[in-house]
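Visitor: Could you take me through this structure slowly and show me how its descriptive words are earned?
Guide: Gladly; please have a look first, and then we can talk.

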Amino acid sequence: MSANPAPAAQDAGKPAGSGFRIPKVPFWAQIVAGLVLGVLLGWLTRSQDIGWLYTTLDQVGHIFVQLLKLAVAPLVFFAILVSITNLRQVNNAARLATRTLLWFMITSLIAVAIGLVIGLVTNPGSGTGLTPKDGVKPEHAGSWLDFLTGIIPTDVITPFTELNVLQIVFMAAVAGIAALQLGDKAKPILTLSHSILELLQKALWWVIRLAPLGTVGLIGYAIADYGWDLIGKYATFTADVYIGCALVMFVVYPLLLATVAKVSPLQFFKGAWPAIQLAFVSRSSVGTMPVTQRVTERLGVPKEYASFAVPFGATTKMDGCAAIYPALAAIFIAQIFDVQLGVGDYILIAFVSVIGSAATAGLTGATVMLTLTLSTLGLPLEGVGLLMAIDPILDMMRTATNVAGQALVPVIVSAREKILDHDMYDNATASPVDLDADENAEPADAERDRVPVPA
């Protein structure tokens, strides 16, 4: 008989799972690694003039953004439709919707005021070396007439093929209100809409998992294409945008949470961080919308209300793109073109920021909103061309601010209306929403959703 124990006996004494395992890297760490690698590859590409690497970075970033945009049109339509019909499950739905819109406007006014103050103090257009000749008039410009007439589509197909989010929102709102009026007759359509929305969100989770790779491409291409010299010309303006967004996110929002909602600001950022970091990378409020909605629910906002407020905010709530940025950009362009702005002009900027923010429609970039602001003030539209080169760098911080605000307002409104689940808020974590552990928590969430929302 052999003295050696049987393999089975040897294995029996070993603890389960004692074999070598590759540690799972947290999603936030993957994003940070993507940022660092992107900067290094971008610097290497520009300094060594590596053509193939430049093309690769461009394509990687472009594919990631295109994958996000692929889901935008149907996602917006079904999210808005479902969110409107979900309001019938919430007591005081009209009151909640009105309060949500009111807080959207209040925070936008605060954000635009901060942008104006920073612009007036720092004079971002002075000493840049830029002249009006450096500007190029955009091919498409926004105006109030275009904004008002452009809401209603000429057919039901074109808004989806041309990705006109504002028209998609209009059609979804009409369909949602019609479904509410039809009642039980609309149940088959609503059931199908819920299923399609879940399918789109599941597909988008897969795209979100590619965010670290997308980060490498987007950041690397930006550095390789623009370089530090170009960024230096816009140093003051870039710093103004980042400082303005940071003041709104890390000063104004915490003050509102502490004084109005009476909840912990640190806990809010802990819970909302997965959406904020994805927004920074993707530069798309709509692309981030499923994550924003999930983190908002994890912060204790009732699902029925969150499913209305977050999609609504993703298409209209833009403190970064529609408040801080156009205020600073208007001052910057006015200084380049040597145009004096008065008190009336600053009031107009605030008005446009609050009323016209839906023109940004949650898409990457804020060109439409900027042209709308410039045309209202009578400033040269060629000024848009001055800022296009630096826009991707600015858009990351702008979109992160947008998404933070889109999660903030439902928390404030829920807290004020006493429907916020404080236990969930206090226990919200910064773990990515697409982790298996979070997905396994869905039955518990579903159980919570069946609890009647108090008046």
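**Surface patch and aromatic rings**

Guide: In this predicted model, a nonpolar patch on the surface is formed by Val60, Ile63, Leu67, Leu70, Leu210 and Leu213, which together have about 530 Å² of accessible area. Helix α3 (residues 51–70) gives the largest share of this patch, namely four residues, and Val60 has its place in helix α3.

Visitor: Why is Val60 called partly exposed?
Guide: Val60 has a relative accessible area of 33%, and because buried means under 20% and exposed means over 50%, this value falls in between.

Visitor: What makes the pair of Phe250 and Phe269 tilted?
Guide: A pair of aromatic rings is described by the distance of the centres and the angle of the planes. The ring centres of Phe250 and Phe269 are 5.3 Å apart, which is within the 6.5 Å cut-off for a pair. Their planes stand at 40°, neither under 30 degrees, as stacked rings would be, nor over 60, as edge-to-face rings would be, and therefore the pair counts as tilted.

Visitor: Why does this pair link distant parts of the chain?
Guide: Phe250 lies in helix α11 (residues 235–261), whereas Phe269 lies in helix α12 (residues 265–282), 19 residues apart.

Visitor: How do you know whether Phe269 is buried or exposed?
Guide: The relative accessible area of Phe269 is 13%, and because this is under 20%, the residue is called buried. Phe250, with 45%, is partly exposed because its value lies between the two limits.

Terms used. Residues are numbered from 1 along each chain as its sequence is written. This is a predicted model: local features need pLDDT of at least 70, side-chain atom pairs count only at pLDDT 80 or more; totals for chains, interfaces and linings use all residues. Side-chain values use heavy atoms; hydrogens and water are left out. Rings of Phe, Tyr and Trp (its six-membered ring) pair if their centres lie within 6.5 Å; planes under 30 degrees apart count as stacked, over 60 as edge-to-face and the rest as tilted. Helices (H or I, at least four residues) and strands (E, at least two) are DSSP runs, numbered from the N terminus. Buried means under 20% relative accessible area, exposed over 50%, partly exposed in between (1.4 Å probe, protein chains only). Patches are made of residues with over 30% relative accessible area and no salt bridge: like charges are joined within 9 Å, nonpolar side chains (Val, Leu, Ile, Met, Phe, Trp, Tyr) within 5 Å. Accessible areas come from the Shrake-Rupley method with a 1.4 Å probe; for residues, only the protein chains shown count as cover. A salt bridge is a side-chain nitrogen of Lys or Arg within 4 Å of a carboxyl oxygen of Asp or Glu.
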